[in-house]
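This report describes the fold of a single protein, working from one buried helix face outward to the chain as a whole. The sequence and structure are shown first.

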Amino acid sequence: MRLNEGKIGKQESVSLIAIAMVAATTYLLDSEKAYSKGNSTFISLVLSIVISAAAFMLVWYAMKRTGARDLNDLFDRCAGKAAGSVLSAMACMVFLLYAYRLTAKFCVVIHSSVFSFAQYESVAMWIIVPIAFAAISGFECIGRLAKILGVLLGVLMLFGFATMISSFDLTRLAPFPGSIEKTATDTVARSADSIAAFLGILCVAPAMQGVENVRKNGLLGAAIAAVFVFIIQFALGITFTYTDLADMTMPLYMLKMVVMRESYLFRLDQMNLFFYMITAVISAAFFLYATALMLTRRTEGEDVRPAVVSISALILAALRVDHRFVSGIIQRIVDFSYDYAYVIWAPFIIAAVIGIIRTMAKQKRRKADETRA
């Protein structure tokens, strides 16, 4: 079999989970919507990770109680073969959506900020090829990449923030916390931005050497991601006003340019952008591999590579279509998933609850039969 799953340890798992969550939570944030009534993202995004972690624990508990090996197996045990196939398809759509959105985000930013004279399709191909190659190489390769580069990129990011202390001003957080209602709504909605990472590690549970390791590594990775998300969003909040942030496509990219503009380091802004792109590539490769693995297992295939190539081609085609027709159906799907993303958890939570109840009912009947015997 060529599922290319492999085995990874704690450091690789935690690094990958943290990178994927930070990328999905910060890079994919819609600035216009997030900062329309003030800036409380350094609170709402952290709380959203906490909410998603609670939902993850419920699904993980269902996996432990049912004895499922991976996500496909869990769906079958909780909802049956037919409904399980539908749930697997929904999980694949989640993985595919986040892989596409991360790729699309950096296609736009790289094309507009670095390779502005190149064709958009060429930039898209330049980004999707390493994503596909990493996914074809397998989950173990993606995990090793996260381990090697994750700590380095994290240290560089923190060092960069430390050099900007003179530019920070707490008064820029005003009005704080802005709209309480919007903060609460954003907290719930953005909890879905961590779903792909959590479902992804459940999908590759055998590679993480058991369900128990999935829980420990998943929660530790989420905690690290929450810390970095807080630091990033708080740094943005005390560098720019919320009205400035609302007009930025990628505020994190603009952050370093504030300090570097009068420095000989100014042109290093593009290097920072490439650092951010590395984390997006690792995250997108993880989501792409999870999609391909679930499809291959569900169709009882033995080689994950054809699925990776096919899905990569689909993403590339979607990038071109969305670029040519900005207000097309792809963008409307992305907008809908962003505004109502919190419903993504619903079918998986319902399936987990059903699985737990069914397992408890079976155990109760078994004990009753043993008592009568």
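In this predicted model, helix H7 spans residues 180–190, and its buried residues are Lys182, Thr183, Asp186, Thr187, Ala189 and Arg190. An α-helix has 3.6 residues a turn, so residues three or four places apart point the same way. The cover over the buried residues of H7 includes helix H2 (31–34), helix H3 (41–66) and helix H14 (329–339).

**Overall architecture**

The protein contains 15 helices and zero strands. Its radius of gyration is 21 Å, close to the 21 Å that the globule rule gives for 373 residues, so the protein is as compact as a globular protein of that length. Taken along the principal axes, the box filled by the C-alpha atoms is roughly 85 × 45 × 40 Å.

Of the 373 residues, 53% are buried. Among contacts with a separation of 6 or more, 81% join residues 24 or more positions apart. The protein exposes about 16600 Å², and carbon and sulfur atoms supply 66% of that area. As for charge, there are 35 positive and 26 negative charges, whose mean positions lie 8 Å apart.

**Helix H4 and the cysteines**

Thr103 belongs to helix H4, which covers residues 71–113. With a relative accessibility of 1%, Thr103 counts as buried because it falls under the 20% cut-off. Beyond its neighbours within four places in sequence, Thr103 is in contact with Ile127, Ile128, Ile131, Ala284 and Leu319.

The count of disulfides in the model is zero. Cys92 takes part in no disulfide, and the nearest cysteine sulfur, that of Cys203, is 7.5 Å away. That distance does not meet the criterion, because a disulfide requires two cysteine sulfur atoms within 2.5 Å. Cys92 is nevertheless buried, at 7% relative accessibility. Cys107 is buried as well, with a relative accessible area of 0%.

**Helix H1 and its partners**

Glu12 is placed in helix H1, residues 10–27. Is this acidic residue, Glu12, buried or exposed? At 5% relative accessibility, Glu12 counts as buried. Leaving out residues up to four places away in sequence, Glu12 touches Gly143, Arg144, Ala146 and Lys147. The C-alpha atoms of Glu12 and Ile142 are 8.6 Å apart in space, although the two residues are 130 residues apart in sequence.

**Pairs distant in sequence**

Further C-alpha separations link other parts of the chain. The table sets them beside the pair formed by Glu12.

| Pair | Separation in sequence | C-alpha distance |
|---|---|---|
| Glu12 and Ile142 | 130 residues | 8.6 Å |
| Val309 and Phe133 | 176 residues | 9.0 Å |
| Ser166 and Thr239 | 73 residues | 9.8 Å |

Val309 lies in helix H13 and is partly exposed, with a relative accessible area of 48%. Ser166 is located in the loop between helix H6 (139–162) and H7. The relative accessible area of Ser166 is 71%, so this residue is exposed.

**Loop residues with positive phi**

Which backbone angle calls for attention at Gln209? Phi of Gln209 is near 65°, a positive value in a residue other than glycine. Gln209 sits in the loop between helix H8 (195–203) and helix H9 (211–237). Its relative accessible area is 46%, so Gln209 is partly exposed.

Glu300 also has a positive phi in a residue other than glycine, here near 60°. The loop that holds Glu300 runs between helix H12 (269–298) and helix H13 (305–324). Glu300 is exposed, because its relative accessible area of 68% is over the 50% cut-off.

**Summary**

The model is made up of 15 helices with zero strands, and 53% of its residues are buried. Thr103 of helix H4 and Glu12 of helix H1 are buried at 1% and 5% relative accessibility. By contrast, the loop residues Ser166 and Glu300 are exposed, at 71% and 68%.

Conventions:
Residues numbered from 1 in each chain as written. Predicted model: local features only at pLDDT ≥ 70, side-chain atom pairs only at ≥ 80, totals over all residues. Heavy atoms only, no water. Helix = DSSP H or I, 4+ residues; strand = E, 2+ residues; numbered from the N terminus. Buried < 20%, exposed > 50% of the residue type's maximum accessible area, 1.4 Å probe, protein only. Contact = heavy atoms within 4.5 Å. Rg over C-alpha atoms; globule rule 2.2 N^0.38 Å. Areas by Shrake-Rupley, 256 points an atom, 1.4 Å probe, with all protein chains shown as cover. Lys, Arg positive; Asp, Glu negative; His and termini not counted. Charge placed at Lys NZ, Arg CZ, Asp CG, Glu CD.
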